[in-house]
Amino acid sequence: MLGQRFDVDVTVLLDVGKAAAGDDVTASIDYASIHALTAAVVGAAAPRRATVEALAGGVADAVLAAHRGARAAWVRVTKPGAPIPGVFGVAGCEVRRWRA
């Protein structure tokens, strides 16, 4: 059985000075890892969540836990075709988490 469709956008705040100045990919964040973390939280094998807020928070928490260089993670989850009466584009939320 297929679950519902969600669109997920992840923004990671970090110091990119060294990576930008030296064009050094090893000084940046591993974007493939961000994708894999997101897929693990959102994917079919992940625990079901009742709200898009919990889903977005789970992704943000996973990104911050896995990437020490990340200062913050902003995650936007939208749900096209949400069961809401009326005409609209998408329903969703954005969660912003900062490292303490």
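In the predicted model, E94 is partly exposed, with a relative accessibility of 38%. This residue forms a salt bridge with R96, in which the closest N and O atoms are 2.7 Å apart. R96 is likewise partly exposed, its relative accessible area being 42%. The charged end of R96 also sits over the ring of W74, at 3.8 Å from the ring centre. R96 thereby takes part in a salt bridge with E94 and in a contact of charge and ring with W74.

The ring of W74 has a further partner. A search of the whole structure finds one aromatic pair. It is formed by W74 and W98, whose ring centres lie 6.3 Å apart; the planes meet at 65°, an angle over 60 degrees, and the pair is therefore classed as edge-to-face. W74 belongs to strand β2 (residues 72-80) and W98 to strand β3 (residues 90-98), so the pair ties together parts of the chain that are 24 residues apart in sequence. The two residues fall into separate accessibility classes: W74 counts as partly exposed at 22% relative accessibility, whereas W98 counts as exposed at 53%.

The search for salt bridges across the whole structure gives three. In general, side chains of opposite charge can pair when their charged atoms come close. Besides the bridge of E94 and R96, R97 is joined to D61, with 2.5 Å between the closest N and O atoms. This bridge links distant parts of the chain, as R97 lies in strand β3 and D61 in helix α3 (residues 52-66), 36 residues apart. Both ends are partly exposed, R97 with a relative accessible area of 30% and D61 with a relative accessibility of 41%. The remaining bridge is that between the side chains of D7 and R5, with an N to O distance of 3.2 Å. Here D7 is partly exposed, at a relative accessible area of 28%, while R5 counts as exposed at 54%.

A charged residue without such a partner is K79, which is found in strand β2. K79 is buried yet has no salt bridge, and the nearest side chain of opposite charge, that of E53, is 9.6 Å away. Since a salt bridge requires the nitrogen and oxygen to lie within 4 Å, E53 does not qualify as a partner at the distance of 9.6 Å. Not counting residues up to four places away in sequence, K79 touches Q4, R5, F6, V90 and A91. Among these is R5, the residue that forms a salt bridge with D7.

As to the overall arrangement, the protein contains three helices and three strands. From the N terminus on, these elements follow the order β-α-α-α-β-β. The C-alpha trace spans about 50 × 30 × 25 Å along its principal axes. Of the 100 residues in the protein, 29% are buried. Among contacts with a separation of 6 or more, 58% are made by residues 24 or more positions apart.

The largest nonpolar core has 18 residues, of which V12, A56, V63, V75 and V77 touch the most other members. Helices α2 and α3 and strands β2 and β3 each supply at least two residues of this core. The greatest contribution comes from α3, which gives eight residues. V12 is in contact with I29, I34, V63, A70 and A72, when residues up to four places away in sequence are not counted. V63 is thus a contact of V12 and, like V12, one of the core residues that touch the most other members.

Two further positions show opposite degrees of exposure. T38, in helix α2 (residues 31-42), is buried, with a relative accessible area of 11%. Leaving aside neighbours within four places in sequence, T38 is in contact with V8, V10, G43 and V59. P85, by contrast, is exposed, its relative accessible area being 76%. P85 is found in the loop between β2 and β3, and the C-alpha atoms of P85 and Q4, which are 81 residues apart along the chain, are separated by 17 Å.

Conventions:
Residues are numbered from 1 along each chain as its sequence is written. This is a predicted model: local features need pLDDT of at least 70, side-chain atom pairs count only at pLDDT 80 or more; totals for chains, interfaces and linings use all residues. Side-chain values use heavy atoms; hydrogens and water are left out. Rings of Phe, Tyr and Trp (its six-membered ring) pair if their centres lie within 6.5 Å; planes under 30 degrees apart count as stacked, over 60 as edge-to-face and the rest as tilted. Helices (H or I, at least four residues) and strands (E, at least two) are DSSP runs, numbered from the N terminus. Buried means under 20% relative accessible area, exposed over 50%, partly exposed in between (1.4 Å probe, protein chains only). A charge sits over a ring if NZ of Lys or CZ of Arg is within 6 Å of the ring centre and within 35 degrees of the ring normal. Contact means heavy atoms within 4.5 Å. Lys and Arg count as positive and Asp and Glu as negative; His and the chain ends are not counted. A nonpolar core is a set of buried Ala, Val, Leu, Ile, Met, Phe, Trp, Tyr and Cys residues joined through side-chain atoms within 4.5 Å.
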